[in-house]
Amino acid sequence: MPIAARPAIHSSAVEQVVNDPAVFRWHVRVYFEDTDAAGIVYYANYLKFFERCRTEWLRSLGIDQRELAQRERLQFVVADLAVQYHRPARLDDALQVDARIVERARSYLVFSQQARRGAELLASGRVKVACVDAGRLTPVRLPSQLLDRLTMPPAPANT
């Protein structure tokens, strides 16, 4: 019996969720390397999916993390994390990973993130991301111009 091919979605750009400009969505396909021996996404890989979603969201806002570290001497680091696993994702699933800022402080942001297969919630989490001095790795205030950009909706996705 032939297996129907699914269109590739891997690593597409961030896409704005239709009804909420504060939520960012990134699509990813589950590959063999993402799974364990049972063909289920290995639990730590959801953290990679969450990280990539936040990175692509920054890119969509025109923020290059390498330039931020070199020119502004600023980096983002994960300071705290809580994840709940609801349902398993499996090999070849097409997932949508969402990110939204739920708390802003002087030196950190807290994101609420979800991974879904269609409408089905697979994993959810809260990720506290601190802004630090790139050399000393000590917390620093988020510059106002950076905060302004972080509140902008993302550029339209490349499809």
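# Briefing: fold, core and aromatic contacts

Of the contacts in the protein chain with a separation of 6 or more, 63% join residues 24 or more positions apart. The model is a predicted one. The protein chain has 159 residues, and 38% of them count as buried. Its secondary structure consists of 3 helices and 6 strands.

**Fold and surface**

- Read from the N terminus, the elements of the protein chain follow the order β-β-α-α-β-β-β-β-α.
- The protein chain exposes about 9,400 Å² of accessible surface. Carbon and sulfur atoms hold 52% of that surface.

**Nonpolar core**

- The largest nonpolar core counts 33 residues. Tyr46, Phe49, Phe76, Val97 and Leu150 have the most contacts inside this core.
- Seven elements can be named here: β2, α1, β3, β4 (94-104), β5 (108-117), β6 (120-133) and α3 (144-150) each bring at least two residues to this core.
- Helix α1 gives the most to this core, with 6 residues.
- Phe49 touches Trp26, Val28, Asp34, Val41, Leu95 and Val97, with residues up to four places away in sequence left out of the list.

**Aromatic pairs**

- The whole structure holds 6 aromatic pairs.
- Tyr46 and Phe49 make an edge-to-face pair, because their ring centres are 6.1 Å apart and their planes stand at 80°. An angle over 60 degrees counts as edge-to-face.
- Both residues sit in helix α1, 3 residues apart, so about one helical turn separates Tyr46 from Phe49. Tyr46 and Phe49 are buried.
- Trp57 and Phe111 are also edge-to-face, because their planes meet at 80°, with ring centres 5.5 Å apart.
- The Trp57 and Phe111 pair links distant parts of the chain. Trp57 belongs to helix α1 and Phe111 to strand β5, with their positions 54 residues apart. Trp57 and Phe111 are buried.
- Ring pairs also join Tyr42, Tyr43, Tyr46, Phe49 and Tyr85 into a cluster.

**Tyrosine patch**

- Tyr42, Tyr43 and Tyr85 form a nonpolar patch on the surface. Together they have about 340 Å² of accessible area.
- Tyr85 lies in strand β3 (residues 74-85). Tyr85 counts as partly exposed, because its relative accessibility is 40%, and the partly exposed class runs between 20% and 50%.
- The patch members Tyr42, Tyr43 and Tyr85 are in the ring cluster with Tyr46 and Phe49, and those last two residues are buried.

**Loop residues**

- Glu33 is in the loop between β2 (20-29) and α1 (45-60). Glu33 has a relative accessible area of 66%, so it is exposed.
- Glu33 and Leu91 are 58 residues apart along the chain, and their C-alpha atoms are separated by 9.0 Å.
- Asp92 has a phi near 75°, a positive value in a residue other than glycine. Asp92 lies in the loop between β3 and β4. Its relative accessibility is 32%, so Asp92 counts as partly exposed.
- Leu137 also has a positive phi, about 60°, although Leu137 is not a glycine. Leu137 is found in the loop between β6 and α3. Leu137 counts as exposed, because its relative accessibility is 54%.

How values were computed:
Residues are numbered from 1 along each chain as its sequence is written. This is a predicted model: local features need pLDDT of at least 70, side-chain atom pairs count only at pLDDT 80 or more; totals for chains, interfaces and linings use all residues. Side-chain values use heavy atoms; hydrogens and water are left out. Helices (H or I, at least four residues) and strands (E, at least two) are DSSP runs, numbered from the N terminus. Buried means under 20% relative accessible area, exposed over 50%, partly exposed in between (1.4 Å probe, protein chains only). Patches are made of residues with over 30% relative accessible area and no salt bridge: like charges are joined within 9 Å, nonpolar side chains (Val, Leu, Ile, Met, Phe, Trp, Tyr) within 5 Å. Accessible areas come from the Shrake-Rupley method with a 1.4 Å probe; for residues, only the protein chains shown count as cover. A salt bridge is a side-chain nitrogen of Lys or Arg within 4 Å of a carboxyl oxygen of Asp or Glu. A nonpolar core is a set of buried Ala, Val, Leu, Ile, Met, Phe, Trp, Tyr and Cys residues joined through side-chain atoms within 4.5 Å. Contact means heavy atoms within 4.5 Å. Rings of Phe, Tyr and Trp (its six-membered ring) pair if their centres lie within 6.5 Å; planes under 30 degrees apart count as stacked, over 60 as edge-to-face and the rest as tilted.
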